Amino acid sequence: MRYACLIYYDPQTLFGGSAEARAVLEKCSTHDQVLKASGHFVAGEALELPDGARTVKVREGKTSAVDGPFMETKEILGGFVVIEARDLDEAAEVAAGHPLARIGFVEVRPLVDFGQPPPDFSQG
């Protein structure tokens, strides 16, 4: 099964120049190779900082766009890795090995299998 590992961090911490942050950044540059060697890697990308982003929504046929993401926390979505794992437990174990898990956090989420029916929220 495939899982998205959504990587969040505080840019001030990651790019603040501490020895720990420098070590994390150095390990990030080769972590995809570690995942490839273990057979877990599917895809991955780092994202630019959110000041270059735009959030778009459409309501009642009208589109609005706002510069930057909508967020109320200092942590940002900094990148993602798609991995292959047996189950959520193995995916979480693999995600815990990502260098940024040491100073940020990694949300592990199963990818949708469009061959399965969607969740039913009509009864709630």
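## Strand S1 and its partners

In this predicted model, strand S1 (residues 2-9) and S6 run antiparallel and are joined by six bridges. One pairing in this ladder involves Cys5, whose bridge partner in S6 is Val108.

S1 also pairs with S5, again in the antiparallel sense, here over eight bridges. Within that pairing, Tyr3 has Ile83 of S5 as its bridge partner. S1 is mostly covered, with seven of its eight residues buried. Strands of a sheet pair through backbone hydrogen bonds, in either a parallel or an antiparallel arrangement.

## The sheet as a whole

These pairings belong to an open sheet of four strands, ordered S2-S5-S1-S6, and the pairing is antiparallel. Strand S2 (41-46) and strand S6 (105-110) form the edges, each pairing on one side only. On average, and with direction ignored, neighbouring strands of the sheet are turned by 20° against each other.

## Helix H3 on the sheet

Helix H3 (residues 88-96) packs on this sheet. The strands touched by H3 are S1, strand S5 (76-84) and S6. The direction of H3 makes about 155° with that of S6.

## The cavity

A search of the whole structure finds one cavity of 30 Å³ or more. The volume of the largest cavity is about 60 Å³.

Its lining consists of Cys5, Ile7, His31, Leu35, Val81, Ile83, Val94, Ala95, His98 and Val106. At least two lining residues come from each of S1, helix H2 (19-38), S5 and H3. By class, the lining holds eight nonpolar residues, two polar ones and no charged ones.

## Residues shared between sheet and cavity

Two residues named in the bridge pairings also appear in the lining. Cys5, the bridge partner of Val108 in S6, is among the residues that line the largest cavity. Ile83, the bridge partner of Tyr3, is another residue of that lining. H3, which packs on the sheet, is one of the elements that supply at least two residues each to the lining of the largest cavity.

Terms used: Residues are numbered from 1 along each chain as its sequence is written. This is a predicted model: local features need pLDDT of at least 70, side-chain atom pairs count only at pLDDT 80 or more; totals for chains, interfaces and linings use all residues. Side-chain values use heavy atoms; hydrogens and water are left out. Two strands pair if DSSP finds at least two bridges between them. Axes are lines fitted to C-alpha atoms, for helices over the stretch in contact, and angles run from 0 to 180 degrees between N-to-C directions. Contact means heavy atoms within 4.5 Å. Buried means under 20% relative accessible area, exposed over 50%, partly exposed in between (1.4 Å probe, protein chains only). On a 1 Å grid over the protein atoms alone, a cavity is a set of points where a 1.4 Å probe fits but cannot get out, and a pocket is an open set with protein on both sides within 12 Å along at least five of seven lines; lining residues have an atom within 4 Å of a point. Grid points are joined across faces, edges and corners, and a volume is the space filled by probe spheres set on the points. Ala, Val, Leu, Ile, Met, Phe, Trp, Tyr, Cys and Pro count as nonpolar, Asp, Glu, Lys and Arg as charged, and the others, Gly among them, as polar.
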